[in-house]
Amino acid sequence: MQAETHTSPKKIIFSGIQPSGVLTLGNYIGALRNFKLLEDAYDCIYCVVDMHAITVKQNAAELRARCLSLAAMYLAVGLDPKKSLIFCQSHVSAHAELAWILNCVTYMGELSRMTQFKEKSAKHHDNINAGLFTYPVLMAADILLYQTDLVPVGADQKQHLEITRDIAQRFNSQYGQSFVVPEAYIGKVGSRVMSLQEPTRKMSKSDPEDTYISLLDSPEVVRRKVKRAVTDSDASIRFDAEEKPGVSNLLSIISVLMDEPLESVTDSLQGEGYGGLKTRAADAIIETLAPIQAEYARIIADKATLQGILDEGAQAAARRANRTLDKVKRKVGFAPHGKA
Ligand code: TRP
C-alpha cells in the first residue's frame with residue numbers, strides 16, 4: 001500500500017487553541033511564541049477551536065468576542081496570514097463532518113479512558129455532555145483533515161494525539177490509506193510556566209486571577225502579581241524545580257523571555273535578593289508584552305480587516321480540508337453527488 005503523501009514541500013503542522021478564556025503567559029511561552037518560531041520552516045495551520053470550546057458552557061456574546069480576540073492575538077504575536085493558515089474551526093464545516101465519520105471508528109472504551117474527559121466531567125458534573133466525551137474525535141478530525149505531519153503538544157494533550165494516531169491507523173487499515181499518521185512535535189525544551197501562587201501547578205486561566213499573567217495585563221498589574229508571587233524562605237537564587245519551585249519558575253520565565261541561558265540569568269542575580277529577582281521577572285514580562293499589546297490593540301480596533309483575514313483563512317482551509325473529506329466520503333461508501 002502506498003503511503004499517503006501530500007504535495008507540500010514543507011512538513012505540515014497543525015495546532016489549535018480554545019477561545020475559552022484569557023490567554024496567559026503560559027499560553028505565550030508554551031504555544032504562541034513557538035507558533036511564530038515554526039512559521040518559516042513548516043506549513044503551519046493555526047486554528048481557533050471554537051467548536052471545542054462549547055463542550056463546556058459558554059456565554060454566546062463572550063465566546064464570539066473571544067474568538068476574534070484569540071485570532072487577533074495570533075496576529076499580534078507576529079503570525080503572518082500569508083505564511084500560516086489562520087481560521088476559526090466553525091467556519092470550515094469539514095471539521096464537523098469528518099468528526100462524525102471518525103466517531104464511527106472510535107470506541108466508547110478508548111474515549112472513556114481519556115484523562116481530560118474524566119477531569120472535565122468531574123469538574124462540570126452538571127454538564128457531562130456527549131461533546132465532552134467525543135472531544136478527542138473532533139480534535140482528530142482537525143488534525144487529520146490537513147494531512148498533518150506534526151502536532152506541537154503539551155503534556156496534557158499527548159493522550160489526545162495518541163488516540164488521533166490510533167483513529168488514523170484504524171481508518172487507514174479499514175478503508176485504505178487516507179490519512180497521514182501525525183507525530184508529536186517536541187520543540188526545544190519548552191519550559192512550562194507555573195502558577196504564581198502554587199508554583200507546582202501549571203499556570204492556568206481557570207485558576208484565580210492572581211495566579212496567572214494575562215497577555216493583556218497592564219505593566220502595573222504585572223508588577224503587582226509578580227511581586228506577590230510565592231517564593232520560599234531560603235533566600236538563595238538558584239534553579240531547583242523540586243525544592244524551589246517559585247524561584248525556579250521566575251528564573252525560567254526570565255530565561256525564556258530574554259533568550260538568555262538559565263545559568264547566566266542565575267549568576268547575574270546573585271546578591272539581588274528575591275526583590276531583585278521579581279523586578280527582573282516583571283521587567284522581562286512587561287518588555288515582552290508591550291509590543292504584543294500594541295499590535296493587539298491595533299488589530300482588534302480594525303474588525304473589518306480581521307474578519308477579512310479570517311474569511312480568507314477559512315476559504316483556504318476549506319479547500320484543503322475538503323480534499324481529504326471528499327476522499328474519505330468516497331472510501332466509506334457515500335454515494336457521489338452532483339458537485340464536480
Ligand atoms: N485540545 C486542545 C487543547 O485544549 C486544543 C485543540 C483542538 C488542538 N484541536 C487541536 C490542539 C488540534 C492541537 C491540534 O489544548
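A crossing is left-handed if the near helix is turned anticlockwise from the far one by less than a right angle, and right-handed if clockwise. The model is predicted: local features need pLDDT of at least 70, side-chain atom pairs count only at pLDDT 80 or more, and totals for chains, interfaces and linings use all residues. Residues are numbered from 1 along each chain as its sequence is written, and side-chain values use heavy atoms, with hydrogens and water left out.

**Exercise 1. Describe the packing of α7 and α8.**

Step 1. Locate the helices (DSSP runs of H or I, at least four residues, numbered from the N terminus). Helix α7 covers residues 130–145 and helix α8 covers residues 158–175.

Step 2. Take the axes (lines fitted to C-alpha atoms over the stretch in contact, with angles from 0 to 180 degrees between N-to-C directions). They come within 9 Å and cross at roughly 70°.

Step 3. Classify the angle (under 35 degrees roughly parallel, over 145 roughly antiparallel, 65 to 115 roughly perpendicular, the rest oblique). So α7 is roughly perpendicular to α8.

Step 4. Assign the hand. The crossing of α7 and α8 is right-handed.

Step 5. List the contact (heavy atoms within 4.5 Å). From α7 come Tyr135, Pro136, Met139, Ala140, Ile143 and Leu144; from α8 come His160, Leu161, Ile163, Thr164, Ile167 and Ala168.

Step 6. Sort by class (Ala, Val, Leu, Ile, Met, Phe, Trp, Tyr, Cys and Pro nonpolar; Asp, Glu, Lys and Arg charged; the others, Gly among them, polar). The contact of α7 with α8 has 10 nonpolar, 2 polar and no charged residues.

**Exercise 2. Describe how α4 meets α7.**

Step 1. Helix α4 spans residues 94–103, and its axis comes within 8 Å of that of α7, crossing at roughly 120°. Therefore α4 is oblique to α7.

Step 2. The crossing is right-handed.

Step 3. On the α4 side are Ala94, His95, Leu98, Ala99, Leu102 and Asn103. Among their partners in α7 are Ala140, Asp142 and Leu144. The classes are 10 nonpolar, 3 polar and 1 charged.

**Exercise 3. Find the residues around the ligand and the polar side-chain atoms close to its N or O atoms.**

Step 1. Collect the surrounding residues (a heavy atom within 4 Å). They are Phe14, Ser15, Gly16, Gln18, Val49, His52, Tyr135, Met139, Asp142, Ile143, Val151 and Gln157.

Step 2. Look for polar contacts (N or O pairs within 3.5 Å; within protein, one must be able to donate a hydrogen and the other to accept it, and residues adjacent in sequence count only if both atoms are side-chain atoms). Glutamine 18 places a polar side-chain atom 3.2 Å from a ligand oxygen. Tyrosine 135 has one 2.7 Å from a ligand nitrogen. For aspartate 142, a side-chain N or O atom is 2.7 Å from a nitrogen of the ligand.

**Exercise 4. Work out the geometry of α9 and α12, then place glutamine 293.**

Step 1. Helix α9 (residues 219–227) and helix α12 (residues 273–301) pack at about 150°, with axes 9 Å apart. Therefore α9 is roughly antiparallel to α12.

Step 2. Their crossing is right-handed.

Step 3. The contact residues divide into 8 nonpolar, 1 polar and 4 charged.

Step 4. Glutamine 293 is in α12. Its side chain reaches the backbone oxygen of aspartate 217 at 2.7 Å. Neighbours within four places in sequence aside, glutamine 293 contacts Leu215, Leu216 and Asp217.

Methods
Helices (H or I, at least four residues) and strands (E, at least two) are DSSP runs, numbered from the N terminus.
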